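The exercises below concern the model shown next. Each has a task sentence and a solution in steps.

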Amino acid sequence: MSSETAHPMVKAEGVHKSFGHVEVLKGIDLEVAQGEVFCLVGPSGSGKSTFLRCINHLEQINAGRLYVDGELVGYRQKGDKLYELKDSEVALKRRDIGMVFQRFNLFPHMTAIENVMEAPVQVKGESRAVARARAERLLDQVGLADKGGNYPSQLSGGQQQRVAIARALAMEPKLMLFDEPTSALDPELVGDVLDVMRELAESGMTMIVVTHEMGFAREVGDSLVFMDGGVVVEAGHPRDVLTNPQHDRTKAFLSKVL
Ligand SMILES: Nc1ncnc2c1ncn2[C@@H]1O[C@H](COP(=O)(O)OP(=O)(O)OP(=O)(O)O)[C@@H](O)[C@H]1O
Ligand SMILES: [Mg+2]
């Protein structure tokens, strides 16, 4: 474990990403400290999801450096040359990073508890008894101790999203990425999901949260970055950025979402 060391959990240096001729990330520099809740906001198409996907190497970057917990994402450096890791090596590193999407993507043919048990059993080769015990604890943690036997179709959107969070936590990640986890939910279901995320933050988890929930960002976030057009426009403490934005683009965006 490296929790005693001082390096950031995520460090991006001049990260560029293009799809064909379209440059979507135009040099992202940022750091996420261990235990930090890092909120990422910005208009549609600004590159937020792409950046999250680069962090767990679902996308390759075209230039720059991206480190998670002090190690290059997707590459090994020898001298000043980079060598791409094998798929199996990437998969191993990806285990350390939990990801929760806007759409919950639960396995529809499995109950809630089976969804949470699946990766530890299939990927880590854990025994079903151990995986089940942890899954029960995690479902309890997200307020669904009594829903383990339900299939996704028998759960509300907010409950499904909380199962998705439990499923990500089952791999005991050191970093959690949330991509608009509440934006597909009916308004009355959002609070329960944010409560689970708040508790997770209080437990010390490092979290990068793409969200339009500015209340959450203000109360729970340690820092807030506003992205637009593939660059970081403004960054700072959420309270400062939200109450006293410095850039016109930030002001224009916040006037729409606040
Ligand atoms: N696989 C892909 N191929 C081509 N273009 C892509 C691909 N993925 C994303 N893009 C483009 O990259 C840009 C950034 O997309 P991205 O999904 O990262 O934005 P976002 O900030 O997450 O937006 P939203 O708030 O709508 O989720 C968009 O113009 C999008 O069309
Ligand atoms: Mg997105």
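**Exercise 1. The end of helix α1**

Task: State which residue follows α1 and what sign its phi has.

Solution. The residue after α1 is H57. Its phi is positive, near 60°. The structure is a predicted model, and this angle is read from it like every other value here.

**Exercise 2. Burial along α1 and just after it**

Task: Decide how far α1 is covered, then classify N56 as buried or exposed.

Solution.
Step 1. Six of the eight residues of α1 are buried, so the helix is mostly covered under the cut-off of under 20% relative accessible area.
Step 2. The buried residues of α1 are K48, T50, F51, L52, C54 and I55.
Step 3. N56 belongs to the loop between α1 and β4 (63-68).
Step 4. The relative accessibility of N56 is 5%, which is why N56 counts as buried.
Step 5. With residues up to four places away in sequence not counted, N56 touches R94, I97, M99 and L177.

**Exercise 3. The surroundings of ligand 1**

Task: List the residues that surround ligand 1, sort them by class, and give polar distances to G47, S49 and T50.

Solution.
Step 1. The residues around ligand 1 are F19, V24, P43, S44, G45, S46, G47, K48, S49, T50 and E180.
Step 2. By class, this shell holds three nonpolar, six polar and two charged residues.
Step 3. Helix α1 (residues 48-55) gives the most to the shell, with three residues.
Step 4. At G47, a polar backbone atom is 3.0 Å from an oxygen atom of ligand 1. At S49, a polar side-chain atom lies 2.8 Å from an oxygen atom of the ligand. At T50, the distance from a polar side-chain atom to a ligand oxygen atom is 2.5 Å.
Step 5. Ligand 1 taken alone exposes 640 Å², and the protein buries 56% of that.

**Exercise 4. Nonpolar cores**

Task: Describe the largest nonpolar core and the contacts of M207.

Solution.
Step 1. The largest nonpolar core has 50 residues. Those with the most contacts inside it are I165, M176, F178, M197 and M207.
Step 2. Helix α6 (residues 187-202) gives the most to this core, with eight residues.
Step 3. Leaving aside neighbours within four places in sequence, M207 is in contact with E36, V37, F38, M176, F178, M197, L200 and A201.
Step 4. Another core, of 26 residues, lies apart from the largest one. Its members include L25, L40, M99 and V225.
Step 5. M99 in that second core is also among the residues that N56 touches.

**Exercise 5. Positive phi in two loops**

Task: Locate D69 and E172, and give the phi of D69 and of E172.

Solution.
Step 1. D69 sits in the loop between β4 and β5 (71-72). Its phi is near 50°, a positive value in a residue other than glycine.
Step 2. At 10% relative accessibility, D69 counts as buried.
Step 3. E172 is in the loop between α5 (157-169) and β9 (175-179). Phi of E172 is positive and near 50°, again in a residue other than glycine.

**Exercise 6. An exposed helix residue**

Task: Place D248 in its helix, and give its separation from Q154 in sequence and in space.

Solution.
Step 1. D248 is in helix α9 (residues 248-257).
Step 2. D248 counts as exposed because its relative accessibility is 61%.
Step 3. D248 and Q154 are 94 residues apart in sequence, and their C-alpha atoms are 45 Å apart in space.

How values were computed
Residues numbered from 1 in each chain as written. Chains lettered and ligands numbered in written order. Predicted model: local features only at pLDDT ≥ 70, side-chain atom pairs only at ≥ 80, totals over all residues. Heavy atoms only, no water. Core = buried A, V, L, I, M, F, W, Y, C linked by side-chain atoms within 4.5 Å. Buried < 20%, exposed > 50% of the residue type's maximum accessible area, 1.4 Å probe, protein only. Helix = DSSP H or I, 4+ residues; strand = E, 2+ residues; numbered from the N terminus. Contact = heavy atoms within 4.5 Å. Near = heavy atom within 4 Å. Polar contact = N/O pair within 3.5 Å; in protein donor to acceptor, adjacent residues only side chain to side chain. Areas by Shrake-Rupley, 256 points an atom, 1.4 Å probe, with all protein chains shown as cover. Nonpolar A, V, L, I, M, F, W, Y, C, P; charged D, E, K, R; others polar.
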